[in-house]
Amino acid sequence: MDIMIRRARDEELDEIGEFTARAYLADGLLEFDESGWYQGELRDVRRRAEQAEVLVAADAASDEVLGAVAFTWHGGAYTDLARPGEGEFRMLAVRPEARRRGAAEALVRACLERGRELGLERIVICSQQKMTTAHRLYGRLGFVRAPERDWQPIPGITLWAFTVEV
């Protein structure tokens, strides 16, 4: 594989925020965000890095950042769903031009491995219903729907929950 996973570097955080927001916009995942509030959240990787582990998938030859994800666990300030013994990842994004190289899968696998390293029992995530490509990836990696944990971060937007034992 020509992709390596590592922690994001401070000088990469603004770039990660920009491509994350652009990816969500391009994929039509911010239709609810008329005020731009969530775009601001996506761009604020500096705050994310203070409250979670920001991992990147980088090209092994050039070290160019292809994608990123925030990993956290129960009790963390950046956690939405994780209960005791659980971790979660959020804001998984891959640059559109870097897709289909395995970056997203490598990032998810890294989160699963991080959960194992921390002795967690499971990883829980949430996803918009229309993110069907991501759902296929999660299914391949063992995630199952957990509809009892679906939730609405804002009225009218229901996020689907998925879990996997680690």
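**Loops, strands and empty space in a predicted model**

Colleague: Is arginine 100 buried or exposed?
Modeller: Arginine 100 counts as exposed, because its relative accessibility is 84%. Buried means under 20% relative accessible area, exposed over 50%, and partly exposed in between, with a 1.4 Å probe and protein chains only. The model is predicted, so local features need pLDDT of at least 70 and side-chain atom pairs count only at pLDDT 80 or more, while totals for chains, interfaces and linings use all residues. Residues are numbered from 1 along each chain as its sequence is written, and side-chain values use heavy atoms, with hydrogens and water left out.

Colleague: Where is arginine 100 placed?
Modeller: Arginine 100 is in the loop between strand 4 and helix 4. Helices (H or I, at least four residues) and strands (E, at least two) are DSSP runs, numbered from the N terminus. Arginine 100 also has a positive phi of about 75°, although it is not a glycine. Most residues other than glycine have a negative phi.

Colleague: Which residue in the loop between strand 2 and strand 3 should I look at next?
Modeller: Aspartate 63 is in that loop, and its phi, near 70°, is likewise positive in a residue other than glycine. Aspartate 63 counts as partly exposed because its relative accessibility is 22%.

Colleague: How many residues lie between strand 2 and strand 3 in their hairpin?
Modeller: Five residues lie between the two strands of that hairpin, with aspartate 63 in the turn. Strand 2 (residues 53–59) and strand 3 run antiparallel and are joined by six bridges; two strands pair if DSSP finds at least two bridges between them. Alanine 57 has glycine 67, in strand 3, as its bridge partner.

Colleague: And what stands opposite glycine 67 in strand 4?
Modeller: Valine 94 stands opposite glycine 67 there. Strand 3 and strand 4 also run antiparallel, again with six bridges.

Colleague: Why is strand 3 described as largely enclosed?
Modeller: Eight of its nine residues are buried, so the rest of the structure largely encloses strand 3.

Colleague: Changing topic: how many cavities of 30 Å³ or more are there?
Modeller: The count is one, and the largest cavity has a volume of about 30 Å³. On a 1 Å grid over the protein atoms alone, a cavity is a set of points where a 1.4 Å probe fits but cannot get out; a pocket is an open set with protein on both sides within 12 Å along at least five of seven lines; lining residues have an atom within 4 Å of a point. Grid points are joined across faces, edges and corners, and a volume is the space filled by probe spheres set on the points.

Colleague: Which residues line the largest cavity?
Modeller: Among them are Ile16, Thr20, Arg48, Ala68 and Met91. Helix 1 (13–26), strand 3 (65–73) and strand 4 (86–94) each give two or more residues to this lining, and strand 3 has the largest share, three residues.

Colleague: What about the largest pocket, and its volume?
Modeller: The largest pocket has a volume of about 1100 Å³. Its lining has 45 residues, of which Tyr24, Leu92, Met131, Ala134 and Tyr138 lie nearest the centre. Helix 5 (residues 132–140) gives the most to this lining, with seven residues.

Colleague: Which residues of helix 1 are buried?
Modeller: They include Ile16, Thr20 and Tyr24. The expected span of a helix is 1.5 Å times one less than its number of residues. For the 14 residues of helix 1 the expected span is 20 Å, and the end C-alpha atoms are 20 Å apart, which agrees. Glycine 28, just after helix 1, takes a positive phi of about 70°.

Colleague: Finally, how many disulfides does a search of the whole structure find?
Modeller: The search finds zero disulfides, a disulfide being a pair of cysteine sulfur atoms within 2.5 Å.

Colleague: Why is there no bond at cysteine 111?
Modeller: The closest cysteine sulfur, in cysteine 126, is 13 Å from the sulfur of cysteine 111, which is too far for a bond. Cysteine 111 counts as buried, at 0% relative accessibility, whereas cysteine 126 counts as partly exposed, at 21%.
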